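Student: I'd like a close look at one part of this model, with the overall picture first. Could you walk me through it?

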Amino acid sequence: MPRITVDLSTEEIKNLVFQLPAQEFLALVDAIEARAETIAMMSVSETGFQEWNEEGEDIYDAKA
């Protein structure tokens with residue numbers, strides 16, 4: 001199936017989304033919220049692994 005690329009601004013997308021029926025709009029909001037939460041958690045978790053890059057923390061490196 002061929003892919004179609006559409007060049008829309010954020011404002012144009014917002015105008016299209018606001019035309020959705022209420023049920024579809026709310027489903028889209030839920031999907032966007034879930035994706036935003038995932039992105040936020042991934043960003044926060046990246047900082048938690050920085051300590052493994054410090055000198056002396058090579059105990060996490062498996063050497064066989």
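Student: To set the scene, how many helices and strands does the secondary structure of the protein chain come to? After that, please zoom in on helix H1 (10-17) and the segment before it.

Tutor: Sure. Keep in mind that this is a predicted model. The protein chain has 2 helices and 0 strands. Of its 64 residues, 0% are buried, and its accessible surface comes to about 6400 Å², with 58% of that belonging to carbon and sulfur atoms.

Now for the part you picked. Helix H1 holds Glu11 and Lys14, which sit 3 residues apart, so about one helical turn separates them. Their side chains meet in a salt bridge, with an N to O distance of 3.5 Å. That fits the 4 Å cut-off between a Lys or Arg side-chain nitrogen and an Asp or Glu carboxyl oxygen, and the count by this rule is 1 salt bridge. As for exposure, Glu11 has 44% relative accessibility, so Glu11 counts as partly exposed. Lys14 comes in at 38%, so Lys14 is partly exposed too.

Then there's the nonpolar side of things. Ile4, Val6, Leu8, Ile13 and Leu16 make a nonpolar surface patch of about 500 Å². One of its members, Ile4, lies in the segment before helix H1 (10-17). Why does Ile4 count as exposed? Its relative accessibility is 75%, and exposed means over 50%.

Definitions and conventions
Residues numbered from 1 in each chain as written. Predicted model: local features only at pLDDT ≥ 70, side-chain atom pairs only at ≥ 80, totals over all residues. Heavy atoms only, no water. Patch = residues over 30% accessible without salt bridge, like charges linked within 9 Å, V, L, I, M, F, W, Y side chains within 5 Å. Areas by Shrake-Rupley, 256 points an atom, 1.4 Å probe, with all protein chains shown as cover. Helix = DSSP H or I, 4+ residues; strand = E, 2+ residues; numbered from the N terminus. Buried < 20%, exposed > 50% of the residue type's maximum accessible area, 1.4 Å probe, protein only.
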